[in-house]
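Work through the following exercises with the sequence and the structure open beside you. Try each task before reading the solution beneath it.

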Amino acid sequence: MNDTVPPRRADPRRDRPLLRRLFPAIWVLLALIGLGAYLLITNALSQDADVLTRSRVFIQRSLEQQRGEMGRNIINYSKWGEAYRHLHLKVDKFWADDQRNVGDIPFDLYGYNGVWVVDGRDRTVYGVIDGRSTARPLTDWLQGDVAGLVAEARRPELKDGSEVRAMEVAGMPAIVAAATITPGWDASVPVSPGPPSVMMFVTVLDAARLGQLSDTYGLPALTVSRQPLPGYESMPLPGSAIRLNWQPPRPGRDLLRQTLPLFAGGVLLLLGVLFLLLRNALASSRQIDAQLHALRTSQAGLQDSERRFRDMAETSSDWLWETDAAGRLCYLSDRFSQVTGHRRGDWLGRPLDELLRPEGAEPLLPWMERAGARGNDGAHGSARNSLTCHIDDSAGLQRICRITARAVEGGQGFRGTATDLTEEWQAQARVRHLSLHDMLTGLPNRRRLHQFLAAHLEPGGPLVLLCLDLDRFKPVNDALGHALGDQVLQEVARRLLTLVGPQDLVARLGGDEFVLALPGDLPQESIDSRCAAVVAALGEPFVPDGRTTVFIGSSVGVVQAPRHADTAQELLRKGDIALYDAKAAGRNTWRRYTDALDRQAMERLQLEQDLRAALRTGALRLHYQPCHAVDGGALRSLEALVRWQHPSRGLLLPEAFLPLAQDTGLIRPLGRWVLETACRDAAGWPAGVRVSVNLSAGQFGSAGAQGDDLASVVAAALRASGLAPQRLELEIGEEVLLVHGQEAMECIAALKRQGVRLTLGDFGSGFSPLACLRQLLPDGIKIGRGFVAHLPERPHDQAIVQAVSALAHSLGLSVRAEGVETRAQLDCLMRHPCDEVQGFHFGGALPADALGGLWAAAPAAPMEGTCATGPAQGRAPDRSVPPGA
């Protein structure tokens with residue numbers, strides 16, 4: 001019979017050290033509570049003061065902004081040649097009211113309550129109140145020093161400015177802006193002697209207007225009064241005795257009203273909890289001594305239990321099982337039901353090999369016997385073995401598990417663990433699938449394609465490879481976003497899958513590149529039919545979001561194995577060569593690979609390498625094409641034309657290598673070299689001669705890792721050469737805006753701020769030359785050789801040149817015609833409003849060291865035009881130009 005250990009009495013003296021340790025913490029807590037209350041109140045009062053100061057500043061700024069806006073608007077209306085004609089020289093109310101040049105426009109646009117015009121004798125000659133014309137004198141409606149305001153607006157210092165003051169209308173404050181009516185920049189309007197008329201805009205600060213100001217600028221509600229209102233903050237309206245009153249928000253006090261009760265309640269609750277915790281701590285300390293004795297007593301019993309369950313704990317990792325000597329289940333842990341969904345009672349007493357099916361042909365019971373024998377050989381039976389088995393869950397789905405087993409002492413059976421591996425195996429299967437398939441479309445990827453090709457090419461079997469690239473996909477992706485672009489790619493994959501058989505393969509290599517692998521020796525007619533089906537399928541419209549219709553297309557390169565190549569890498573390379581040829585042929589078509597295409601690709605690669613070497617070794621040259629003034633024949637500028645002294649092909653013209661530079665990204669370093677060299681050469685020319693440099697679309701846009709942006713390159717070239725910015729002329733084509741859009745506009749604005757001259761090249765040859773003219777705002781335009789070549793015999797071309805020139809001159813732009821090669825072309829251009837001409841009629845492009853003769857050449861005698869349509873209207877028929885070369 002076990003003896004019971006008597007409980008020990010707690011010693012009250014053990015409580016004193018605990019209290020001594022807790023009291024400092026209690027005092028610190030109370031101090032922190034007091035500090036928190038002080039900071040809360042101080043912060044609330046500081047917020048109120050800050051809000052008051054900011055509200056006063058915001059009101060002042062809002063009024064100043066209102067005054068500034070009225071001052072600027074009155075200038076826009078008064079410094080205007082048409083206003084000077086129709087409101088000063090004479091008062092034309094039909095022009096002002098019926099044609100809505102003034103009238104109700106300031107009221108509708110800006111909410112101005114009054115528009116007035118006072119003539120040179122201080123008489124009211126025009127008035128509009130709240131958008132309606134009135135004959136009422138100004139001084140009957142507006143109270144204040146009107147005469148002083150008119151006199152101030154007529155001061156010479158305010159000829160191009162305005163005066164803004166505060167007055168009153170019917171006892172309400174008003175802001176009045178006044179400015180003299182002048183022709184402004186319009187030099188065509190004659191100025192009459194005498195005092196100028198004065199135009200005034202008046203906005204009344206009534207309750208509605210003050211409410212609008214409050215809503216627009218986020219101000220508190222404003223009211224007006226003669227004296228400060230009790231309980232309100234107030235400030236005088238600048239230049240007036242009327243005061244503005246408002247009640248600023250007081251977030252600090254509101255915060256105190258909301259938080260102080262909660263803070264006080266929280267403090268009281270905290271003190272109560274602290275008291276209870278202290279009381280409980282004292283009680284707990286008395287019980288610890290008695291519990292320690294009980295703990296030591298139970299520890300011996302726990303050690304015995306640990307030894308009994310140690311064997312099971314060593315083998316358990318997921319769910320546990322045990323069988324008798326006959327292999328029937330006698331124990332299953334709770335985890336078994338959670339993993340399989342089966343009830344434990346349904347399987348207890350049944351053979352284990354009915355539940356578990358081993359992988360392979362080995363039966364389960366012999367394996368368990370061998371595993372049990374191995375487990376009993378080592379010290380404490382620590383050796384283990386495992387077996388992978390399949391098991392069906394309650395839903396009929398197959399799961400995978402790994403079991404371990406060891407024999408029970410005395411040959412009473414076996415016990416072990418079963419670890420569920422289903423999710424791990426599924427994850428591995430997903431990883432294997434993802435490693436061979438594209439995540440977006442689900443199509444096989446490049447790795448799977450190489451496996452497929454290797455399996456068909458190693459035996460030497462025939463195969464056709466269609467390399468696809470989507471046309472116009474990038475603009476669609478940029479315009480609609482990547483989400484809709486991904487949907488288009490998924491629909492492309494679905495359409496391609498409908499065009500292949502079970503033995504074929506459709507793969508996505510990345511981006512908008514796809515490949516169709518078609519095993520078998522297909523005749524050319526069948527290959528063409530498959531290509532046509534692909535082009536037709538991808539040429540159909542796409543509606544990715546159910547609303548937006550998108551049209552793309554595809555280019556296809558065809559290569560065959562083993563006819564063209566017998567390895568996957570070589571097949572794909574030659575397929576890309578054929579694909580490039582299809583794109584060069586106009587896209588939306590297909591091309592077969594030929595050896596000639598391979599040679600062209602190698603030549604193109606070699607030419608690219610040679611061009612890179614030329615940029616490093618200085619094999620590029622600049623020649624200069626002179627441009628002469630039509631009047632007098634003076635040399636106006638020289639256009640820089642790049643040449644390449646190729647080591648084996650001789651002197652190459654730009655058309656032989658500039659497209660390659662565009663495609664390979666070499667256009668940026670090439671363009672930088674041209675700018676730097678042209679500026680350096682032009683710095684030594686006569687001061688009146690400009691240098692003209694053509695810019696490519698590839699030089700615009702983000703520079704990325706290739707270097708600085710175009711504006712920085714131009715600035716560096718000017719700075720290094722010392723060339724004045726106005727002597728550098730940059731020619732820009734319409735394709736710049738089509739490719740780069742807003743980014744190009746920002747770059748062009750930066751170039752104009754540097755002071756360089758901008759010319760719009762090949763004007764009229766693009767899709768929207770007038771839109772480009774409006775957006776670019778160039779200094780001049782160049783009429784392309786397409787209009788000049790047949791100018792003498794085509795009256796329509798003559799009319800177009802004359803209209804374009806007249807349009808440019810009306811905008812203050814110069815006009816240059818290029819490609820002048822005959823005297824007849826020159827004669828026609830001399831009778832049209834053209835400023836400058838260039839072309840082989842005046843001489844070919846010259847290297848920099850051969851330009852000396854141009855500086856000394858004198859202009860030729862005046863020539864008389866012989867164009868069949870006669871001279872342009874308003875232009876002199878005789879012009880003087882340099883003689884043809």
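**Exercise 1.** Find how much space lies in the largest pocket of this predicted model, and work out which elements line it.

*Solution.* Begin with the volume: the largest pocket holds about 1100 Å³ of space. Next, turn to its wall, which is made by 41 residues, and among these Glu639, Leu641, Leu658, Asn694 and Glu731 are the closest to the centre of the pocket. Then collect the elements that give two or more residues to this lining, which are the strands β22 (635-646), β24 (690-694), β25 (728-732) and β26 (757-763), together with the helices α20 (658-664), α21 (667-682) and α23 (735-740). The largest contribution is that of β22, which gives five residues. Finally, sort the lining by class, and you should arrive at 18 nonpolar, 13 polar and 10 charged residues.

**Exercise 2.** Describe the second largest pocket in the same steps, giving its space, its central residues and the classes of its lining.

*Solution.* The space in the second largest pocket comes to about 850 Å³. Its lining consists of 22 residues, of which Asp469, Lys474, Lys583, Arg587 and Asp663 are the closest to the centre. Two or more residues of this lining come from each of the elements β16 (463-470), α15 (473-480), α18 (568-584), α19 (595-617) and α20, and α19 gives the most, with five residues. When the lining of the second largest pocket is divided by class, it has nine nonpolar residues, one polar residue and 12 charged residues. As a last step, look back at helix α20, which is listed for the lining of the largest pocket and is listed for the second largest pocket as well.

**Exercise 3.** Locate the largest nonpolar core and name the residues in it that touch the most other members.

*Solution.* It helps to start from a general expectation, namely that nonpolar side chains in soluble globular proteins tend to be buried together. In this model the largest nonpolar core has 50 residues, and those touching the most other members are Tyr624, Trp644, Phe700, Val714, Leu728 and Leu730. Helix α21 supplies the largest share of this core, with seven residues. A second core, separate from the largest one, has 35 residues, including Trp95, Ala96, Val115 and Ala166. To set these cores against the whole chain, note that 43% of the 885 residues of the protein count as buried.

**Exercise 4.** Decide for each of the serines Ser696 and Ser62 whether it is buried or exposed, and then find what it touches.

*Solution.* The cut-off needed here is that a residue counts as buried when its relative accessible area is under 20%. Take Ser696 first, which lies in the loop between β24 and α22 (710-721). Because its relative accessibility is 12%, Ser696 counts as buried. If neighbours within four places in sequence are left aside, Ser696 is in contact with Gln662 and Ile667.

Now take Ser62, which belongs to helix α1 (residues 15-78). Its relative accessibility is 5%, so Ser62 counts as buried. Apart from residues up to four places away in sequence, Ser62 touches Tyr217 and Leu219. Also compare Ser62 with Ser214: the two are 152 residues apart in sequence, while their C-alpha atoms are 9.1 Å apart in space.

**Exercise 5.** Examine the backbone at Pro562, Ala170 and Arg587, and say what is unusual there.

*Solution.* The standard for judging these places is that most residues other than glycine have a negative phi and that most peptide bonds are trans. Against this, the peptide bond from Ala561 to Pro562 is cis, with omega near 0 degrees, and Pro562 lies in the loop between β19 (554-561) and α18.

The next place is Ala170, whose phi is positive, at about 55 degrees, although Ala170 is not a glycine. Ala170 is found in the loop between β4 (163-169) and β5 (172-180), and because its relative accessibility is 70%, it counts as exposed.

The last place is Arg587, which is not a glycine either but has a positive phi of about 65 degrees. Arg587 lies in the loop between α18 and β20 (590-592), and with a relative accessible area of 40% it is partly exposed. Recall from the second exercise that Arg587 is also one of the residues closest to the centre of the second largest pocket.

Conventions
Residues numbered from 1 in each chain as written. Predicted model: local features only at pLDDT ≥ 70, side-chain atom pairs only at ≥ 80, totals over all residues. Heavy atoms only, no water. 1 Å grid on protein atoms, 1.4 Å probe; cavity = no way out; pocket = protein on both sides within 12 Å on 5 of 7 lines; lining within 4 Å. Points joined across faces, edges and corners; volume = space filled by probe spheres on them. Helix = DSSP H or I, 4+ residues; strand = E, 2+ residues; numbered from the N terminus. Nonpolar A, V, L, I, M, F, W, Y, C, P; charged D, E, K, R; others polar. Core = buried A, V, L, I, M, F, W, Y, C linked by side-chain atoms within 4.5 Å. Buried < 20%, exposed > 50% of the residue type's maximum accessible area, 1.4 Å probe, protein only. Contact = heavy atoms within 4.5 Å.
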